[in-house]
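Student: Could you take me through one part of this structure closely? I would like to hear about the largest pocket, and then about a helix that helps to line the pocket.

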Amino acid sequence: MNFNNAQQRVKDLKSFYKNCMWFGIVALIIFFRRFIKTGDLSQSIFSGSIILTVWGIILAVKAVKLFIFNAEWENKILEEEMRKSKKPINF
């Protein structure tokens, strides 16, 4: 991984962690607001919010992109495809 790729990865990780932090803050606000409104703990936990659901899905997709399909994975797949064509690869 070269410097530019590493710098971009750090930027992406920082953005992801900020989004996770804001997700947690907003989730707590919504949770406590519902808890105060209903007074029932189980009601406030299991009644979902569409905003949190969509935001959670987006965070999950970003996590998969950052931690599973990262540059190392891409290079590994590229090397495998190059081996299939039997051409040497030099990085």
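Tutor: Happy to! Let's start with helix 1, which gives the most to the lining of the largest pocket, with four residues. Please keep in mind that this is a predicted model. Helix 3 and helix 4 (71-84) also each give two or more residues to that lining. The pocket has a volume of about 260 Å³, and 12 residues line it. Nearest its centre lie N5, R9, D12, N70 and A71. By chemistry, the lining divides into four nonpolar, four polar and four charged residues.

Now to helix 3, one of those lining elements. Helix 3 runs through residues 50-67, 18 residues in total. From its first C-alpha to its last it reaches 26 Å, close to the 26 Å expected at 1.5 Å a residue.

Which residues of helix 3 are buried? They are L52, L59 and L66. These leucines cover an arc of only 55° around the axis, which puts them on the same side of helix 3. As background, an α-helix has 3.6 residues a turn, so residues three or four places apart point the same way. On the other side of helix 3, I50, I57, V61 and K65 are exposed; here, exposed means over 50% relative accessible area, and buried means under 20%.

And what covers the buried leucines? The cover includes helix 1 (3-38). That brings us back to where we began: helix 1 helps to cover the buried residues of helix 3, and helix 1 also gives the most residues to the pocket lining.

Key
Residues are numbered from 1 along each chain as its sequence is written. This is a predicted model: local features need pLDDT of at least 70, side-chain atom pairs count only at pLDDT 80 or more; totals for chains, interfaces and linings use all residues. Side-chain values use heavy atoms; hydrogens and water are left out. The expected span of a helix is 1.5 Å times one less than its number of residues. Buried means under 20% relative accessible area, exposed over 50%, partly exposed in between (1.4 Å probe, protein chains only). The arc is that of the directions from the helix axis to the C-beta atoms. Contact means heavy atoms within 4.5 Å. On a 1 Å grid over the protein atoms alone, a cavity is a set of points where a 1.4 Å probe fits but cannot get out, and a pocket is an open set with protein on both sides within 12 Å along at least five of seven lines; lining residues have an atom within 4 Å of a point. Grid points are joined across faces, edges and corners, and a volume is the space filled by probe spheres set on the points. Ala, Val, Leu, Ile, Met, Phe, Trp, Tyr, Cys and Pro count as nonpolar, Asp, Glu, Lys and Arg as charged, and the others, Gly among them, as polar.
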